[in-house]
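Visitor: I would like a close look at a single part of this protein, with its surroundings explained as we go. Please take me through it with care.

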Amino acid sequence: MAIDDVFRALSDPTRRAVVRLLREEGPQTAGEIADRFDLARSTMSGHFAVLKQAGLLVVERQGARLVYGLSLSVFEETVDAVMELLGGTKVRPAKRERQR
């Protein structure tokens, strides 16, 4: 995960809404997500691609359908990075501490 890719992905309100939707309601198909937005499917596909590149989405193929879910580990690492920038406490322990 490159933190710059994550911040770029989250800079767009539609992509933030997709992340929020998946966090609150769990995995959904591309069509189910797209139906919640007043945007062309091709536009939503572009948003999904940016979120996938940033590592924020995990994709599972179920037959002809793609089911998108939130990558919690990348989401947590992002929250940790923001907290560190703001001088706050991390959400989870550092990697070296978790391996003990």
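How far apart should the ends of helix H4 (residues 41–53) be at 1.5 Å a residue, and what is the distance between its end C-alpha atoms? Please also describe which residues of H4 are buried, and what covers them.

Guide: Before turning to the helix, please keep in mind that this is a predicted model, so that every value below is computed from predicted coordinates. Helix H4 has 13 residues, which at 1.5 Å a residue should span 18 Å, and its end C-alpha atoms are indeed 18 Å apart, in agreement with that expectation.

The residues of H4 that are buried are Met 44, His 47, Phe 48, Val 50 and Leu 51. Seen down the axis of the helix, these buried residues fall within an arc of 160°, and therefore they line one face of H4. On the other side of H4, Ser 42 and Gln 53 are exposed. The cover over the buried residues of H4 is drawn from several elements, including H1, helix H2 (13–25), helix H3 (30–34), strand S2 (57–62) and strand S3 (65–70). Just after the helix, Gly 55 takes a positive phi of about 85°.

At the other end of H4, the side chain of Arg 41 meets that of Asp 35 in a salt bridge, with 2.5 Å from N to O, and both Asp 35 and Arg 41 are exposed. The loop between H3 and H4 also holds Arg 36, which forms a salt bridge with Glu 25, the closest N and O atoms being 2.9 Å apart. This pair links distant parts of the chain, since Glu 25 lies in helix H2, 11 residues apart from Arg 36. Arg 36 is partly exposed, with a relative accessible area of 46%, and Glu 25 likewise counts as partly exposed, at 45% relative accessibility. The count of salt bridges comes to three, and one of them joins Glu 24 to Arg 23, with the closest N and O atoms 3.7 Å apart. In that pair Glu 24 counts as exposed at 55% relative accessibility, whereas Arg 23 counts as partly exposed at 46%.

Strand S2, one of the elements that cover the buried residues of H4, contains Val 58. At 43% relative accessibility Val 58 counts as partly exposed, and, leaving aside residues up to four places away in sequence, Val 58 touches Val 67, Tyr 68, Gly 69, Leu 70 and Ser 71. The C-alpha atoms of Val 58 and Ser 71 are separated by 5.7 Å, although these two residues are 13 residues apart along the chain.

Helix H5 (residues 72–86) can be examined in the same way as H4. Its 15 residues should span 21 Å at 1.5 Å a residue, and its end C-alpha atoms are 21 Å apart, which agrees. In H5 the residues Val 74, Thr 78 and Asp 80 are buried, and, seen down the axis of H5, its buried residues fall within an arc of 160°, so they line one face of the helix. These buried residues of H5 pack against H1, and H1 is also among the elements covering the buried residues of H4. On the other side of H5, Leu 72 and Leu 86 are exposed, and just after H5, Gly 87 takes a positive phi of about 80°.

Leu 86 also belongs to a nonpolar surface patch of about 400 Å², which is made by Phe 7, Val 82, Leu 85 and Leu 86. Helix H5 gives the most to this patch, with three residues, while Phe 7 has its place in helix H1 (residues 3–10). Phe 7 is partly exposed, with a relative accessible area of 32%.

To place H4 in the whole, the secondary structure of the protein chain comes to six helices and three strands, and from the N terminus on the elements run α-α-β-α-α-β-β-α-α. Of the 100 residues of the chain, 32% count as buried. Among contacts in the chain with a separation of 6 or more, residues 24 or more positions apart account for 47%. The chain exposes about 6,300 Å², of which carbon and sulfur atoms supply 49%.

Conventions: Residues are numbered from 1 along each chain as its sequence is written. This is a predicted model: local features need pLDDT of at least 70, side-chain atom pairs count only at pLDDT 80 or more; totals for chains, interfaces and linings use all residues. Side-chain values use heavy atoms; hydrogens and water are left out. Patches are made of residues with over 30% relative accessible area and no salt bridge: like charges are joined within 9 Å, nonpolar side chains (Val, Leu, Ile, Met, Phe, Trp, Tyr) within 5 Å. Accessible areas come from the Shrake-Rupley method with a 1.4 Å probe; for residues, only the protein chains shown count as cover. A salt bridge is a side-chain nitrogen of Lys or Arg within 4 Å of a carboxyl oxygen of Asp or Glu. Helices (H or I, at least four residues) and strands (E, at least two) are DSSP runs, numbered from the N terminus. Buried means under 20% relative accessible area, exposed over 50%, partly exposed in between (1.4 Å probe, protein chains only). The expected span of a helix is 1.5 Å times one less than its number of residues. The arc is that of the directions from the helix axis to the C-beta atoms. Contact means heavy atoms within 4.5 Å.
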